[in-house]
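Here are a few short exercises to help you find your way around a new structure. Have a look at the sequence and the fold, then work through each solution at your own pace.

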Amino acid sequence: MSSSRPVRNVRVLRLRVKDKHATWLCGLAREVNTVFNYCNELCVKVFERERRFLSGFDFWPFLKGATRGECALPLPVQAVQEIAEEYARRRRQHRKIRLAWRRSGGARRSLGWIPFKVRTIRYRGGQIYFAGRWLSLWDSYGLSRFELRAGNFSEDSRGRWYLNVCVPRAPRAAEARNKPSVGSILDRSVPSVGIDLGLSTFAAFSDQALPPIEAERFYRDLEPLLASAQRARHRQRCRAIHAKIANRRKDFFVGNVNAAALAWTRLAKSVLDAGWSTFRTMLLYKCDDAGVWFAEVDEAFSTRTCSVCNSRAGPQGRKDLGIRGWQCTVCEAVHDRNVNAAHNILAAGHRRLAEGILVP
């Protein structure tokens with residue numbers, strides 16, 4: 001089965017802004033929060049009076065002149081428009097009358113966020129021009145080679161600012177190729193693989209040539225240091241440890257996703273867990289870049305079902321979670337729990353391809 005999502009022609013670049021601009025960006029972020037909260041309050045009042053919600057366009061008559069006059073906001077007019085449109089999108093997404101207020105201070109303050117539209121920024125000599133000021137950054141991508149589009153400035157939990165900007169993505173040779181036909185996958189002339197995600201073993205593959213990926217201990221290895229910093233009430237140290245955990249997770253996922261994509265991955269399963277979801281998202285766009293098929297299938301009974309005779313003779317329930325290998329009582333085939341599940345996932349993907357269902 002193929003994912004119904006089209007291959008996007010843009011990518012997002014994330015670059016670190018130098019810390020000397022943090023104070024100025026924080027000031028702009030407070031103004032962004034003011035506009036966002038104004039839209040939040042206005043939307044509630046209009047709903048109470050007229051029983052309708054405002055769209056991003058409907059906010060503009062109320063925001064005209066916000067960037068002009070003695071009390072003008074130090075934001076580009078396009079940024080004010082984008083804030084209102086983003087608020088309308090988030091309200092529709094969460095299906096709420098009122099969203100949470102964006103707080104500019106206190107222990108539970110909102111992290112800084114400053115959106116911008118196309119042609120609001122420009123690049124020259126390693127600097128970005130925005131809102132009448134040149135901002136220095138660590139240009140690891142070479143922005144002079146790209147056409148800058150919409151994006152935002154964002155703050156992380158340690159007070160560091162980043163530029164997140166969309167740029168057109170040059171077409172790759174793999175994208176120009178057509179994906180292999182369904183028939184070539186079903187007759188096994190094109191290789192395919194099933195992936196089973198777990199806890200003790202992060203990922204197991206139906207292909208014996210691919211060794212399983214062992215789960216990493218992202219949090220537990222740093223848990224003593226984090227506990228010590230929390231007892232000492234060192235906030236900055238705690239944030240640094242959390243950032244280190246996030247970076248370790250990201251490096252782990254990126255490395256193993258690249259390995260999976262290069263191993264002609266065609267079929268995978270997604271499990272509703274934060275780490276597994278990140279792995280699945282990365283695997284999706286890596287497969288798109290590689291020009292191969294990607295699919296999600298229902299993993300129900302994949303552990304219990306024998307991949308040889310399809311009988312449900314395997315271990316079940318919490319009491320049998322410790323059983324990692326088992327023998328089928330019907331055909332006497334010996335299975336590794338995770339590898340057997342990967343084989344069943346691969347078979348489920350092939351069945352969907354044969355039935356012609358192209359959407360999960």
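The exercises below concern a predicted model.

**Exercise 1.** Find out how helices α1 and α3 are oriented to each other.

Solution. Two packed helices are described by the angle between their axes and the distance between the axes. Begin with the helices themselves: α1 covers residues 22-50 and α3 covers residues 77-94. Their axes come within 9 Å and cross at roughly 50 degrees. Angles under 35 degrees count as roughly parallel and those from 65 to 115 as roughly perpendicular. α1 and α3 are therefore oblique to each other. As for handedness, the crossing of α1 and α3 is right-handed.

**Exercise 2.** List the residues through which α1 meets α3, and sort them by character.

Solution. On the α1 side, look for V32, V35, F36, C39, N40 and C43. Their partners in α3 are V80, I83, A84, Y87 and R91. Sorted, the residues of this contact are nine nonpolar, one polar and one charged.

**Exercise 3.** Locate R95 and R119, and decide whether each is buried or exposed.

Solution. Most residues other than glycine have a negative phi. R95, although not a glycine, has a positive phi of about 55 degrees. You will find R95 in the loop between α3 and β2 (113-116). Residues count as exposed over 50% relative accessible area. R95 has 76%, so R95 is exposed.

Now turn to R119. Its phi is also positive, near 65 degrees. R119 lies in the loop between β2 and β3 (122-124). With 74% relative accessibility, R119 counts as exposed.

Methods:
Residues are numbered from 1 along each chain as its sequence is written. This is a predicted model: local features need pLDDT of at least 70, side-chain atom pairs count only at pLDDT 80 or more; totals for chains, interfaces and linings use all residues. Side-chain values use heavy atoms; hydrogens and water are left out. Axes are lines fitted to C-alpha atoms, for helices over the stretch in contact, and angles run from 0 to 180 degrees between N-to-C directions. Helices (H or I, at least four residues) and strands (E, at least two) are DSSP runs, numbered from the N terminus. Angles under 35 degrees count as roughly parallel, over 145 as roughly antiparallel, 65 to 115 as roughly perpendicular and the rest as oblique. A crossing is left-handed if the near helix is turned anticlockwise from the far one by less than a right angle, and right-handed if clockwise. Contact means heavy atoms within 4.5 Å. Ala, Val, Leu, Ile, Met, Phe, Trp, Tyr, Cys and Pro count as nonpolar, Asp, Glu, Lys and Arg as charged, and the others, Gly among them, as polar. Buried means under 20% relative accessible area, exposed over 50%, partly exposed in between (1.4 Å probe, protein chains only).
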